[in-house]
Structure formats: structure tokens, C-alpha cells
Amino acid sequence: MKSSVKVVPLDRVTSPLLAVAIGELGSRKIPSSLLGLDAATDGELSRLITSGDFNGKRDEMAVVYPKKRPKRVLLVGLGTPGEITRGAIRRGAAVAARKALELDAEIMAFHLPHETHGGVPPQHVGQVIVEGVAQGAWQFSDLKATEKKKRLTELDIIATREERADIERGRRVGAAMATGHALARNLQALPGNICTPAYLADIARRLGRAYQYKVTVLSRAQMEKLEMGGLLAVAQGTRQEPRFIVIEYKGAGRSPPLCFVGKGITFDSGGISIKPAEKMEEMKYDMSGAAAVLGLFETLAHLKPKANVVGLIPTTENLPSGTAVKPGDVVRSQLGKTVEIVNTDAEGRLVLSDALGYARRFKPACVIDIATLTGAVVIGLGHHATALMSNDDQLMEEVRHAGDMAGERCWPLPLWDEYREQLKSDIADVKNVGGRPAGTITAGWFLREFVAGFPWVHLDIAGTAYTDSDQPDMAKGPTGVGVRLFAEFVRGRTRG
Ligand code: BES
Ligand code: MN
Ligand code: ZN
């Protein structure tokens, strides 16, 4: 999406749709900065507000048609003044963009009157407006041969002269976030027959060519040399060749890199421990962690932070076949630990164990993995938070803060020693499932078994990677969770 910041009176805006976001108006008085626009609507705006027909409640909308310009004014509610945060403004922008799609508007102007900023600094305002509009405008129709929908392709943020420079600075950050976020969602949306491990590797290579990243793609033979027994065990049941993708951004000389690991199961049938047919098609989303990492690298190209960043993506399908790994099989992970595979559907942790082992060679400042790892996290937190587990309290807080900044909330779960007991195997060092109780935590503990010598955070996004119903601020389907969180984390690190 193209975006720009413009300083023009609201009644001179020429785009087909001008969205104006306002907080709850207890006074039923129109903000004074909207008086010019009110005149252009012959007082219709103020009648809407004084009548109480529009109150500025969260997600509330009203459309007004001025005589001349702009063609339409869309009022969008942000909630009570106390609720006006970065998240509320991002949401308001997204809700407006979804309405713009409905109205077939290809260009949208967006304005937040200074009376209703809620104390959010202008730079943040610029950032979250772009993030929100791009999020709301996202749609995926690449695979529809017949249905042609209009796209919202252009955003003009209407600013005051004083705020212009700050909003412009924020706009650039928001635009960087938005491209990475959209890439992740596009990848997630693709079905397993298109988005294969080789396809993900091609995307990584394409990013590498476009932005001069070092990209290394390991083949099955190279994985065998490195003894990646976890990834190879999952991959032995499918005709699709697995890949291990390494992507490196250099922005800070020789300093230790921040390392991001994304689960890249391009389809998870469960393997021999096969899943029920109902909703199995959703398991195309089992590469959402990989999508988040690739999206991050798209964003990094535009943010150009002074940091070194490494992305690791172990990717394969998980299918049953005559060659597939069986319950009871024992394999050796990269670090030498042996694993009894009790359930072949707990495959994410197997492929991640090799990636965590591999991460060591970078002597990383920290490692953050992101994975649609357990159905149990949906029972625990529903679809409103990503579960967060860690071996380092400070890093955990830092990631949580980045999530808050990004509008991607994370909530901690404990990795107490008692839970580790559940992974004891009679025959190997560990088994890959810990029974029903605390399934998200035992999965986290399994990963921790392969974390050696670096601060680490695990994010379980099984509940947040996609939605099965339309939300006011997001279409149903892939959410692109993780991209903005990771980018905020990197930004936080580089601000010192
Ligand atoms: N990819 C699934 C987890 C998942 C479930 C993601 C629902 C998104 C929505 C993962 O590989 C899996 O199958 N986990 C098992 C683990 C169990 C066998 C210990 C699960 O959660 O059932
Ligand atoms: Mn599985
Ligand atoms: Zn899975």
C-alpha cells in the first residue's frame, strides 16, 4: 500500500473516503478542529454527534455525504478517552479500512483530530495508522480466478503542520511493519500444495537477492551430515523435500545476533498419529512461525536497524506413509539427545529442537522461537494471547513489552521443574509428549531441553496465528502474528 502524509484542510480532501477517528464524546460536542468539515456537510456531522446517534464508541461507524468534497466522511469510534492507546488507534484505522473495502474505495484519507489523540505521541500515531489501515485492507484473492475485488491501495494521512514531521517518521516505520505483515499473511494463506518447504526456501532466497541477505538452504543430505534427527524423522514420511533455511541480516558489525526460529510445517496431518478430518485443512497454517520470520526480514529491509539478525526455519510436511516415523521410534536430535517419538503429531518440537541446536553456532544474544505448537494453548488462552515461556525473566519481559507495542499480547506460563518430569522416557533421554496436563508447558519444556547457553523465549501461537471468523479489524484467516512483535523487539534493542 502506498502511503503519504498531507497537510490540507479536511474540507479540501479529494479522496473518495475520508475517515475521521474520534473517541467517546461525553459532551456530545463536535471537536472544534472538525468545524470546517462540519460546514462542508451542512451541519450533518454535528447533528450526528449532538443527537447522540454517533458517540465514538469502539468500532462504531457512521457515514456522512458532504455536498462537494470529500465524497464521503466516515466517522470511526475509538472508545473512551482513557482507552485511546496505540492499540485503539490501530484498531480504528483497521476498522475504517475494512469499511473502505466494503465501499469499494481504492484511496482512503485518515485523520485523527488532535483533541482525541489520547496522549499517544504523533510519531506513534503515524505508525499505527499505517499498520492498522494495511491490516484492515489486507485480502487474499490470488487463487480466485473469477472474482475481482477492488483493492484499497493508497492511504493519505491528514496531519496538522506541527505534527507533520513526526507523523511522517512514524508512517515510515508503519509502512515497514505493514509490508512484512502482509508477506507473512500471504504466505500463511497459501495452501500446502503451493506453499511447500521448497517454496518457503524460494521466498527466503528472493528476500536475499532483493535485500542482500545471506541465505543458506540446507538439503536433506546436508541435514543428514549435521545429524538433524528430529527434522529428518518428521520429513521421512513425505515426498516433499525438507529444507533448513538460514537467513542473515547484518546491521551491526560483529555483535552477537538476535536469532528468530520459526516452525515451518507446511502441512500437519499428524503423521501416523493422524488428526481427525474435521478442520484438518487449517493445518496449512502450521508454517505460521516460518511466515513470521520471513515477514520480519521483509520489514528489516525497510527499517534498517543497527542489529544483526539471524532467521532459522526448519521446514517439512508431516504426513503418514509407509516410510513415515512411527510411535515408539527413537531418534537423535542435533545436540545428541535422544527422543522417543510417542506421538508423531508432536512434530513441531522435533523440528525446532534441531533449529535450537543449530542456533548455538551463532553465539546469539538471544533466541526467540515462534510456533503453532499446541492445541492446548487455545484451551488455556483462547485466541487473544500468545503463550510465552522462557529461561530468562528479563528477556521474557522485553518480549512481552514488544508484544504490547505491536498489539500482539503475550502471556507467560511457568517452566517449573515439576513439569519436566512428564517428559521422562523409559528408553530415551526424553519423550516428545508429556500427557494431557499442561500440554503447552511440557511442549515448552521439551524445547528447553535443546536450549544451551543463550537466553531464550518460546512463543506458542497456535491460538493467535489465524482466526476462523471475521473480526472488526481483521478478515478471517491468517493474522501475521509475530512480525510486528519481532520488529518492535529489534527496534527496542537497537534504541539501547
Ligand atoms: N500443529 C499442531 C498444533 C496446533 C493445534 C496448531 C491447533 C494450531 C491449531 C501441533 O503439531 C500438534 O499437533 N500438537 C499436538 C501435540 C500433542 C500430540 C501432544 C496437539 O496439540 O494436539
Ligand atoms: Mn502436529
Ligand atoms: Zn504441528
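Donors are the N, O and S atoms within 2.8 Å of the metal. On this basis, two metal sites and one further ligand were examined in the predicted model.

The manganese ion (ligand 2) is coordinated by Asp268 through OD, by Asp345 through both O and OD, and by Glu347 through OE, at 2.0 to 2.2 Å. Along the sequence, the donor residues of this manganese ion follow the spacing D-x76-D-x1-E. Asp268 belongs to strand E10 (residues 264-268), whereas Glu347 lies in the loop between strand E13 (338-341) and helix H10 (348-359), so the pair ties together parts that are 79 residues apart in sequence. Asp268 and Glu347 are both buried. The site of the manganese ion (ligand 2) has 6 donor atoms, with angles of 69 to 167 degrees among them, and is irregular.

The zinc ion (ligand 3) has as its protein donors Lys263 (NZ), Asp268 (OD), Asp286 (OD) and Glu347 (OE), which lie 2.0 to 2.4 Å from the ion. The spacing of these donor residues in sequence is K-x4-D-x17-D-x60-E. The site of the zinc ion (ligand 3) is octahedral, the angles among its 6 donor atoms being 78 to 176 degrees. For six octahedral donors, the ideal angles at a metal are 90 or 180 degrees.

The two metal sites are joined through a shared residue. Asp268 coordinates both the zinc ion (ligand 3) and the manganese ion (ligand 2), which are 3.1 Å apart. Asp268 in strand E10 and Asp286 in the loop between E10 and helix H9 (288-303) form a pair that links distant parts of the chain, 18 residues apart. Asp286, like Asp268, is buried.

Residues that bind the metals also appear in the surroundings of ligand 1. Of the 16 residues around ligand 1, those that come nearest are Lys275, Asp286, Asp345, Glu347 and Gly375. The shell around ligand 1 comprises 5 nonpolar, 4 polar and 7 charged residues. In the side chain of Asp345, an N or O atom is 2.7 Å from an oxygen atom of ligand 1. For Glu347, a polar side-chain atom lies 2.9 Å from an oxygen atom of ligand 1, and for Lys263 the separation between a side-chain N or O atom and an oxygen atom of the ligand is 3.2 Å. Of the 520 Å² of accessible area that ligand 1 has on its own, 78% is covered by the protein.

Note on methods: Residues numbered from 1 in each chain as written. Chains lettered and ligands numbered in written order. Predicted model: local features only at pLDDT ≥ 70, side-chain atom pairs only at ≥ 80, totals over all residues. Heavy atoms only, no water. Donors = N, O, S within 2.8 Å, 3.2 Å for Na, K, Ca; no water. Tetrahedral: all angles 85-135°; square planar, octahedral: opposite > 155°, others 65-115°. Helix = DSSP H or I, 4+ residues; strand = E, 2+ residues; numbered from the N terminus. Buried < 20%, exposed > 50% of the residue type's maximum accessible area, 1.4 Å probe, protein only. Near = heavy atom within 4 Å. Polar contact = N/O pair within 3.5 Å; in protein donor to acceptor, adjacent residues only side chain to side chain. Areas by Shrake-Rupley, 256 points an atom, 1.4 Å probe, with all protein chains shown as cover. Nonpolar A, V, L, I, M, F, W, Y, C, P; charged D, E, K, R; others polar.
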